[in-house]
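Visitor: I'd like a close look at a single part of this structure, the open sheet, and then a walk outward from there to whatever else is worth seeing. Could you take me through it?

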Amino acid sequence: MQDEFGSGRLIKAPESFLSRADVATVWAQSKRGRRDFLRNAFAAAAAGVAAPVALAQGNPVPKDGGDPNILNLPAHSVGLGQSVAVEGYGKPSKYELNVQRRQSPGLTQTTQASVSFAPLQSLFGIVTPSGLHFERHHQGWWDIDPSKHRLMVNGMVKAAKVFTVDEIMRLPAVSRFHFIECGANTAVDWGNVAVPTVQYTHGMVSCSEFTGVPLITLLELAGADLKNGKFVLAEGADGSSMTRTIPMELIKSGEVFVAYGQNGEMLRPEQGYPLRLIVPGVQGVSWVKYLRRLEVGDQPYAAKDEAIHYMDLQPGGLHRQYTSIQECKSVVTTPSGGQVLLDQGFYNISGLAWSGRGKVGRVDVSVDGGRNWRTARLQTPVLSKALTRFNIDWVWDGKPAIIQSRAMDDTGYVQPTYKQLRDVRGTRSIYHNNAIQSWLVQESGEVKNVQVS
Ligand SMILES: Nc1nc2c(c(=O)[nH]1)N[C@H]1C(S)=C(S)[C@@H](COP(=O)(O)O)O[C@H]1N2
Ligand SMILES: [Mo]
């Protein structure tokens with residue numbers, strides 16, 4: 001049961017799944033089977049008859065004469081499995097091949113300067129498996145030799161300092177869970193409904209446990225002027241010359257760090273191996289990958305990725321610049337666009353919420369397009385500037401329903417409706433669309449992306 005868009009685990013059960021009735025039959029047979037097994041074994045021993053032929057191939061006949069596979073167990077329950085470490089680095093089950101990052105056809109002119117979206121509809125909890133982390137490259141990705149890579153700290157410092165990756169890995173480390181969201185996530189839905197699944201509407205967000213060294217430590221080691229230095233320019237080593245200004249206030253908070261680790265192992269090449277900047281709460285573009293230089297300065301740099309791109313168009317020809325924080329946002333991932341509800345009855349509505357300003361405080365869910373709201377359960381852990389998983393019970397009566405989630409963060413900020421957002425920003429914005437998402441459940445059970453103002 002796979003579909004073109006990989007909308008994930010269809011809620012409709014595939015034929016190959018056991019129904020509840022089947023499960024009950026199997027369970028009853030298994031209990032009866034165990035009794036029969038004992039009875040047969042005793043009878044055979046008493047009568048001294050020949051042992052029955054084994055049912056499963058290659059299954060030795062036990063000496064006591066009992067039927068080794070009277071339960072008619074599948075091969076995997078009676079034979080030998082695979083050897084350990086057949087592959088030194090494991091892979092997901094072959095039944096999960098539909099869980100993939102995906103590109104949006106026609107979105108960009110070249111696949112090097114493009115995006116792949118994370119399959120949010122297929123993920124549980126809050127961590128994005130590294131191989132499914134969304135990708136955004138401006139000039140393609142590289143697998144850089146860490147022994148040759150260097151990170152320089154210069155500008156308003158006592159003496160410019162160059163670090164090797166090994167030197168950085170010897171320093172005191174921190175590990176923290178954070179989400180990264182591209183400022184352009186949900187951008188195609190500004191004007192109207194544009195894409196069918198949550199992978200394409202919201203899949204430019206991911207969450208990992210990152211490990212590395214606080215940026216302030218590196219600045220101190222270089223003797224940076226932390227009084228007059230107000231900004232740091234971060235620069236990447238790929239052809240895009242990705243450069244972003246990071247305010248010193250954020251760095252002094254200790255939250256910004258230079259990472260080499262992701263989910264317990266080294267960063268993936270697509271994520272900036274061997275070094276990337278982690279700027280919690282701030283839009284993805286500031287999380288410079290293949291980080292090679294940090295320059296301390298006393299004013300914002302107005303780099304190309306701040307002066308031309310990543311600005312928000314406003315009505316009347318105005319625009320906003322340096323709007324870096326990803327405001328509070330949420331989305332229901334199940335049920336979501338492209339999925340099909342099997343039949344009426346119980347469903348666990350599940351989704352993700354996040355805020356660039358701190359922790360998620362509350363998530364409300366509506367199944368009637370925003371008329372009535374119920375508060376969802378937040379799944380622990382609820383971490384600052386990390387994805388937060390929410391769940392809520394729902395009994396579907398088979399009638400059309402519009403499912404929405406509305407998150408609130410611990411500053412009290414509430415995720416806006418499309419109308420509220422468009423009143424301020426118009427419809428020509430690209431970045432920073434954090435509006436409430438709506439999924440229409442049709443009578444057929446099919447779920448569609450819709451917009452409710
Ligand atoms: N060096 C470098 N850093 C970069 C980019 C890039 O193209 N080159 N893309 C930026 C953008 S726009 C985003 S959204 C994030 C994407 O990170 P990811 O590919 O790990 O998801 O990296 C940012 N850092
Ligand atoms: Mo981005």
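Guide: Happy to. The open sheet is built from five strands, arranged in the order β18-β17-β21-β22-β23, and their pairing is antiparallel. At its edges are β18 (374-375) and β23 (447-450), each of which has a pairing partner on one side only. Please keep in mind throughout that this is a predicted model.

Let's zoom in on the β23 edge. Its partner there is β22, residues 438-441, and the two strands pair in the antiparallel sense over four bridges. If you want one pair to click on, choose Val441, which stands opposite Val447 in β23. As a general reminder, strands of a sheet pair through backbone hydrogen bonds, either parallel or antiparallel.

Both of those senses turn up around another strand, β3, so let's go there next. Strand β3 covers residues 150-155 and runs antiparallel to β4, residues 161-164, with four bridges joining them. Together β3 and β4 make a hairpin, and five residues lie between the two strands. Within this hairpin, Met152 faces Val162 of β4 as its opposite number. Strand β3 also pairs with β12, residues 291-297, but here the strands run parallel, again with four bridges. Asn154 of β3 has Glu295 as its bridge partner in β12.

From the strands, let's move to ligand 1. It is surrounded by 22 residues, and the closest are Phe134, His138, Asp238, Arg276 and Lys289. Three polar contacts are good places to start. A polar side-chain atom of Lys289 is 2.5 Å from an oxygen atom of the ligand. His138 takes part through its backbone, with a polar atom 2.8 Å from a ligand oxygen. Trp287 also uses its backbone: an N or O atom there lies 3.1 Å from a nitrogen atom of ligand 1. As for how covered the ligand is, taken alone it exposes 530 Å², and the protein buries 100% of that.

Now picture the protein atoms alone and look for enclosed space. There are three cavities of 30 Å³ or more. The largest holds about 250 Å³ of space. It is lined by 22 residues, and those closest to its centre are Arg136, Arg276, Gly284, Trp287 and Lys289. You have met some of these names already: Arg276 and Lys289 are also among the residues closest to ligand 1. By class, this lining consists of nine nonpolar, eight polar and five charged residues.

The second largest cavity contains about 50 Å³. Among the residues that line it are Leu120, Leu123, Phe124, Ile126 and Val127, along with Leu352, Leu387 and Arg389. Sorted by class, the lining has seven nonpolar, two polar and one charged residues.

To finish, here are a few backbone details to look up in the loops. A cis peptide bond joins Thr334 and Pro335, with omega at about 0°. Pro335 sits in the loop between β15 (329-334) and β16 (345-354). There is also a cis bond from Thr380 to Pro381, where omega is near 0°. That proline, Pro381, belongs to the loop between β19 (377-378) and β20 (388-396). The last stop is Ser241, a residue other than glycine with a positive phi, near 45°. You will find Ser241 in the loop that runs between β7 (231-236) and β8 (243-247).

Technical notes. Residues are numbered from 1 along each chain as its sequence is written. Chains are lettered from A and ligands numbered from 1 in the order in which they are written. This is a predicted model: local features need pLDDT of at least 70, side-chain atom pairs count only at pLDDT 80 or more; totals for chains, interfaces and linings use all residues. Side-chain values use heavy atoms; hydrogens and water are left out. On a 1 Å grid over the protein atoms alone, a cavity is a set of points where a 1.4 Å probe fits but cannot get out, and a pocket is an open set with protein on both sides within 12 Å along at least five of seven lines; lining residues have an atom within 4 Å of a point. Grid points are joined across faces, edges and corners, and a volume is the space filled by probe spheres set on the points. Ala, Val, Leu, Ile, Met, Phe, Trp, Tyr, Cys and Pro count as nonpolar, Asp, Glu, Lys and Arg as charged, and the others, Gly among them, as polar. Two strands pair if DSSP finds at least two bridges between them. A residue is near a molecule or strand if one of its heavy atoms lies within 4 Å of it. A polar contact is a pair of N or O atoms within 3.5 Å; within protein, one must be able to donate a hydrogen and the other to accept it, and residues adjacent in sequence count only if both atoms are side-chain atoms. Accessible areas come from the Shrake-Rupley method with a 1.4 Å probe; for residues, only the protein chains shown count as cover.
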